[in-house]
Structures are given as structure tokens and as C-alpha cells.
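Here are three short exercises to work through with the model open beside you. Try each task before reading its solution.

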Amino acid sequence: MKNILVVGSAGQIGSELVLTLREIYGGDKVVAGIRKTKPSKKLTETGPCEVVDALDTKALVEVVDKYKIDVIINMAAILSGTGEKNPMLAWDVNMNGLINILELARERKMKQVLVPSSIAVFGPTTPVDDTPQETILKPTTIYGVTKVAGELLGDYYVKRYGMDVRGLRYPGIISHETLPGGGTTDYAVAIYYEAIKNKKYTCFVNENTRLPMMYMPDCLKATVDLMEADFSKLNYHCDYNVGAMSFTVAEMAESIKKHIPEFEIDYEPDFRQAIADSWPNSVDDSAARNDWGWKPDFDLDAMTADMLKAIGEKHAKGLI
Ligand code: AKB
């Protein structure tokens with residue numbers, strides 16, 4: 001059995017990943033690490049929650065020792081949009097937080113560390129369509145710089161210390177449980193909320209912006225499948241491309257109009273347009289498919305139907 005700590009459990013992915021892991025491994029086996037925010041009832045009622053900040057090593061060590069943690073998942077990160085507003089904060093959280101976790105895992109001889117990466121590792125000189133697993137990594141955002149460094153650092157700990165460190169390059173993640181915060185792909189979540197609430201959305205990137213995206217159930221599946229994969233079968237460690245779907249904002253709007261015909265969209269691109277333009281249209285994830293059997297379930301229309309239903313229910317209950 002493993003004792004897992006998820007750092008960054010209040011975030012978009014962390015909040016759902018904790019619940020999924022608790023269903024698989026048992027509630028008391030998965031500690032939700034929360035920094036400042038009040039944890040949701042779902043988190044507090046299904047297992048332990050602790051205040052954890054990857055930059056506060058002393059508190060981190062206390063939680064790790066208290067629960068005999070042997071697997072750490074680091075979901076804490078400053079994303080691309082916020083990173084451009086505060087590059088030093090992005091460096092501090094994304095790099096110093098990561099190395100604190102890797103060092104602690106090394107000292108405590110932990111079984112596994114999961115270090116998520118992102119399509120933000122790519123940049124304007126990377127091939128944009130079916131971006132290969134191994135390609136040019138010259139991002140133009142500080143977030144991307146920290147993600148490239150994070151991939152290399154994780155791989156270094158595998159090679160140098162024989163540790164089990166794994167990671168995958170998340171595309172834009174779309175979900176209805178916890179809002180994303182500070183990312184460029186946040187428009188792909190906001191569009192559904194605004195479609196339900198106001199039947200109208202003003203998008204901060206233009207209609208032709210095409211990015212790789214993934215629905216949360218696929219994101220959780222990819223994360224758990226990579227954690228469970230046989231280490232000896234992994235040809236990569238901290239940098240697996242994982243694709244699911246790829247669409248423009250205009251295509252999203254069309255998908256929504258199938259359910260809400262009066263939905264309207266207009267465009268006011270801001271600084272995040274340049275970030276989106278520096279990222280790929282789609283990724284080649286054949287390494288993930290071959291090494292650990294990755295296969296997504298959701299396409300755009302299936303996701304749209306699910307998102308609108310879930311957000312519609314929240315709206316009807318007055319929760320949003
Ligand atoms: C962001 O937009 O910054 C993130 C990401 C793609 O990693 N969602």
C-alpha cells in the first residue's frame with residue numbers, strides 16, 4: 001500500500017485527483033495538501049487535509065512524517081497567465097517548491113513522485129501539428145521555462161538517484177468541479193459557465209485559436225494510469241505528451257450552440273493570445289499510448305454535453 005500526499009489539492013486538478021485516488025486507495029491513504037484556501041467539504045469529509053506549502057519545508061516534513069508519506073504528487077503551480085504577471089513568483093513556486101519535494105522524496109527514499117508538466121514546454125519554434133514527443137523546447141513564458149526545467153530536473157533525479165519520478169504534459173484541462181486559475185486555457189472552461197449563465201461570452205483569445213485540450217475524466221485517467229504503469233516499460237519519465245482533442249474557439253462555440261442555439265460569442269484578445277499562439281495545435285502522444293496504454297474517451301461534443309449538464313445543474317441550484 002502507498003500513502004499519498006497531493007500538494008496543491010485545492011486547485012482545478014488536485015481537488016478532483018484527491019477524490020479519485022481516495023476511491024482507489026482508500027480515504028485515509030490520501031492526504032490533501034492545502035495551502036491557504038479553505039478545503040471543500042468533499043475534501044475534508046473523505047480523508048485527511050493538512051496545510052502544506054511546498055516552499056515551507058519544515059511544515060512539509062511534518063506532514064510527510066505524520067502520515068508516513070511515500071508518494072508525493074505536486075499539483076501546486078503558478079500557471080502561464082499569472083506567471084507573466086509575476087515571473088519571480090512563478091519561478092519560486094514552480095522551481096523551489098519542486099526541488100524541495102524532490103529532495104524530501106530522495107531523503108525519505110519515497111516510492112514515487114509525480115511532477116506534472118504542460119504543453120507550455122513548447123514554444124513558437126516547435127512544430128505545431130502533432131507535436132512530437134521529442135522536439136524543440138524553447139518556450140517564451142516563465143511558466144514554460146519552469147516546466148522544461150522541471151521535466152529535466154525530474155529526469156535528473158531518476159538518472160542520478162535511481163528514483164521513480166514521472167510526469168505528463170497536460171494540455172488545457174476542462175472541468176466543472178473547481179475553476180482553473182491563472183492559465184491561458186481558462187477560456188475553455190469560462191465559455192461553458194458563461195453559456196449557461198448569460199448565453200454570451202467574450203473570449204480573451206481569437207476565434208481561430210486552436211489548442212490541445214482534455215476533459216477532466218480523461219485527465220484523471222491519464223494521471224492514475226501513468227502512476228500505475230510498470231516503471232520498466234517507461235521510455236520517458238517526466239515528459240509524456242498526452243492528447244485527447246484539439247479545437248478552435250469557434251468550434252467550441254458551434255458545439256455549445258447545438259444545445260443553446262442563442263449562444264453568442266465575441267472576441268477581445270489580450271496578452272494571453274501571444275501565449276496561446278506559441279503553443280501547439282495538437283500533440284503526438286504515441287509514446288504514452290505505447291508505453292502505458294493511454295487512450296482518451298471524450299471528444300468535443302461528448303464533453304460539451306457533459307459540461308453543460310453539470311454546470312446547468314449547479315446554476316439551477318443557485319450555486320453559481
Ligand atoms: C495554462 O493555460 O497555463 C495551463 C496549461 C496549459 O498548463 N492550463
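The exercises below deal with two helix pairs and a pocket in this predicted model.

**Exercise 1.** Work out how helix α7 and helix α9 are oriented to each other, and which residues make their contact.

*Solution.* Start with the geometry: α7 (residues 187–197) packs on α9 (residues 249–257) at an angle of about 30°, and their axes are 11 Å apart. Angles under 35 degrees count as roughly parallel, so α7 is roughly parallel to α9. The crossing is right-handed. Next, list the contact: Tyr187, Ala188, Ile191, Tyr192 and Ala195 come from α7, while α9 supplies Val249, Met252, Ala253 and Ile256. Finally, sort these residues by class: 9 are nonpolar, with no polar and no charged ones.

**Exercise 2.** Do the same for helix α5 and helix α6.

*Solution.* The axes of α5 (residues 87–107) and α6 (residues 142–161) come within 10 Å and cross at roughly 15°. By the same cut-off of 35 degrees, α5 is therefore roughly parallel to α6. Their crossing is right-handed. The contact includes Trp91, Leu98 and Arg106 of α5, and Ile142, Gly150 and Tyr157 of α6. Its residues divide into 14 nonpolar, 4 polar and 2 charged.

**Exercise 3.** Describe the second largest pocket: which residues line it, and which helix gives the largest share?

*Solution.* First, the space: the second largest pocket holds about 230 Å³. Its lining consists of Lys42, His176, Glu177, Ala310, Glu313, Lys314, Lys317, Leu319 and Ile320. Helix α12 (residues 300–316) gives the largest share, 3 residues. By class, the lining has 5 charged, 3 nonpolar and 1 polar residues.

Key:
Residues are numbered from 1 along each chain as its sequence is written. This is a predicted model: local features need pLDDT of at least 70, side-chain atom pairs count only at pLDDT 80 or more; totals for chains, interfaces and linings use all residues. Side-chain values use heavy atoms; hydrogens and water are left out. On a 1 Å grid over the protein atoms alone, a cavity is a set of points where a 1.4 Å probe fits but cannot get out, and a pocket is an open set with protein on both sides within 12 Å along at least five of seven lines; lining residues have an atom within 4 Å of a point. Grid points are joined across faces, edges and corners, and a volume is the space filled by probe spheres set on the points. Helices (H or I, at least four residues) and strands (E, at least two) are DSSP runs, numbered from the N terminus. Ala, Val, Leu, Ile, Met, Phe, Trp, Tyr, Cys and Pro count as nonpolar, Asp, Glu, Lys and Arg as charged, and the others, Gly among them, as polar. Axes are lines fitted to C-alpha atoms, for helices over the stretch in contact, and angles run from 0 to 180 degrees between N-to-C directions. Angles under 35 degrees count as roughly parallel, over 145 as roughly antiparallel, 65 to 115 as roughly perpendicular and the rest as oblique. A crossing is left-handed if the near helix is turned anticlockwise from the far one by less than a right angle, and right-handed if clockwise. Contact means heavy atoms within 4.5 Å.
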